[in-house]
Amino acid sequence: MKFSKYILVYILAVSCNTPQAVYDYDEKVNFTAINTYQIYPDLDTKLNQLDDQRIISILNEKLAQKGLNTSEDPKIYVNFYSSTYETPSRNTLGVGVGGSGRNVGVGVSGGIPLGGPETYLRLTLDFIDVENDALIWQAQVEGLFNNSSTPQKREESLRVMIEKALKGYPPKK
């Protein structure tokens, strides 16, 4: 019984920090016919050039695993862009003062935030039909992202996000 409590706590802790993804796609598109791609030529990602290079490298690796190859005459363009937002720290230290006397109770309490705000990265992947210049598939994934972390940690965070995003490609109709 003790062991199952620890597993439940671990699952809750891990699930809160995993990136969450949302997918959308054009139901009329035959995704099995798509086998070539190219990174969109005019990227405006809102990330630095090093993170752009990391994402392109990860995308090339993961899309090759899905059977897509880069081409000078692609069927789709792969575009990506990002935005960041901060949320206040959810960790607080509670302080309370209370008193009672003669059946009257009075209490005052408050929370002191611990740590700084948490930064989240929202990464959007677009697959654009080259022939029709139309969006055919999109994934949005967001997760915690530390701008001051090491290059290895940044790459690992981006890898997890892209793997989560590409889990929905090709879409299951």
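Which residues does Ile39 touch, not counting residues up to four places away in sequence? Let me start there this morning, and then we can walk outwards through the rest of the model. The answer is Ile56, Leu59, Tyr77 and Val78. Please keep in mind throughout that we are looking at a predicted model.

So, who is Ile39? You will find Ile39 in strand β2, a strand that covers residues 36-39. Ile39 counts as buried because its relative accessible area is 17%, and the cut-off for buried is under 20%. There is also a nice distance to try in your viewer: from the C-alpha of Ile39 to the C-alpha of Asn60 is 9.0 Å, with the two positions 21 residues apart in sequence.

Now let me zoom out to the whole chain. The protein chain has 173 residues, and 30% of them are buried. Its secondary structure amounts to 3 helices and 8 strands. If you read along the sequence, the order is α-β-β-α-β-β-β-β-β-β-α. Among contacts with a separation of 6 or more, 72% are between residues 24 or more positions apart. As for the surface, the chain exposes about 11,500 Å², and carbon and sulfur atoms supply 53% of that.

Next stop, strand β7, which runs over residues 118-129. I picked two neighbours here, Thr124 and Leu125. Thr124 sits in β7 and is buried, at 3% relative accessible area. Setting aside neighbours within four places in sequence, Thr124 is in contact with Asn79, Phe80 and Tyr81, and also with Gln138, Ala139 and Gln140.

Leu125 is in β7 too. How much relative accessible area does Leu125 have? The value is 0%, so Leu125 is buried. Beyond four places in sequence, Leu125 touches Leu59, Asn79, Phe80, Trp137, Gln138, Ala139, Ala165 and Leu166. Asn79 and Phe80 are on the list for Thr124 and on the list for Leu125, and you can say that of Gln138 and Ala139 as well. Leu125 also gives us a bridge to the last helix: the C-alpha atoms of Leu125 and Ile162 are 8.6 Å apart in space, although the two residues are 37 apart in sequence.

That brings me to helix α3, residues 151-166. The helix has 16 residues and reaches 22 Å from its first C-alpha to its last, close to the 22 Å expected at 1.5 Å a residue. Its buried residues are Arg154, Leu158, Arg159, Met161, Ile162, Ala165 and Leu166. Here is a general point for reading that list: an α-helix has 3.6 residues a turn, so residues three or four places apart point the same way. And what do the buried residues of α3 pack against? They pack against β1, α2, β7 and β8. Two of those buried residues, Ala165 and Leu166, are among the residues that Leu125 touches.

A little past that helix there is something to check in your torsion plots. A cis peptide bond joins Tyr169 and Pro170, with omega at about -10°. Pro170 belongs to the segment after α3.

While we are on backbone angles, two residues other than glycine have a positive phi that I would like to show you. Lys46 has phi near 70° and lies in the loop between β2 and α2. Lys46 counts as exposed, since its relative accessibility is 61% and the cut-off is over 50%. Asp133 has phi near 50°, and its place is the loop between β7 and β8. Asp133 is exposed as well, at 63%.

Last, the largest pocket. It holds about 160 Å³ of space. Its lining is made of Val29, Ile34, Pro74, Lys75, Ile76, Asp129, Val130, Glu131 and Ile136. By class, that lining divides into 6 nonpolar residues, no polar ones and 3 charged. One of the lining residues, Ile136, pairs up with Lys28 in another distance: their C-alpha atoms are separated by 8.9 Å, with the residues 108 apart along the chain. Lys28 itself is in the loop between β1 and β2 and is exposed, with a relative accessible area of 78%.

That is my tour, and thank you for listening!

Note on methods: Residues are numbered from 1 along each chain as its sequence is written. This is a predicted model: local features need pLDDT of at least 70, side-chain atom pairs count only at pLDDT 80 or more; totals for chains, interfaces and linings use all residues. Side-chain values use heavy atoms; hydrogens and water are left out. Helices (H or I, at least four residues) and strands (E, at least two) are DSSP runs, numbered from the N terminus. Buried means under 20% relative accessible area, exposed over 50%, partly exposed in between (1.4 Å probe, protein chains only). Contact means heavy atoms within 4.5 Å. The expected span of a helix is 1.5 Å times one less than its number of residues. On a 1 Å grid over the protein atoms alone, a cavity is a set of points where a 1.4 Å probe fits but cannot get out, and a pocket is an open set with protein on both sides within 12 Å along at least five of seven lines; lining residues have an atom within 4 Å of a point. Grid points are joined across faces, edges and corners, and a volume is the space filled by probe spheres set on the points. Ala, Val, Leu, Ile, Met, Phe, Trp, Tyr, Cys and Pro count as nonpolar, Asp, Glu, Lys and Arg as charged, and the others, Gly among them, as polar. Accessible areas come from the Shrake-Rupley method with a 1.4 Å probe; for residues, only the protein chains shown count as cover.
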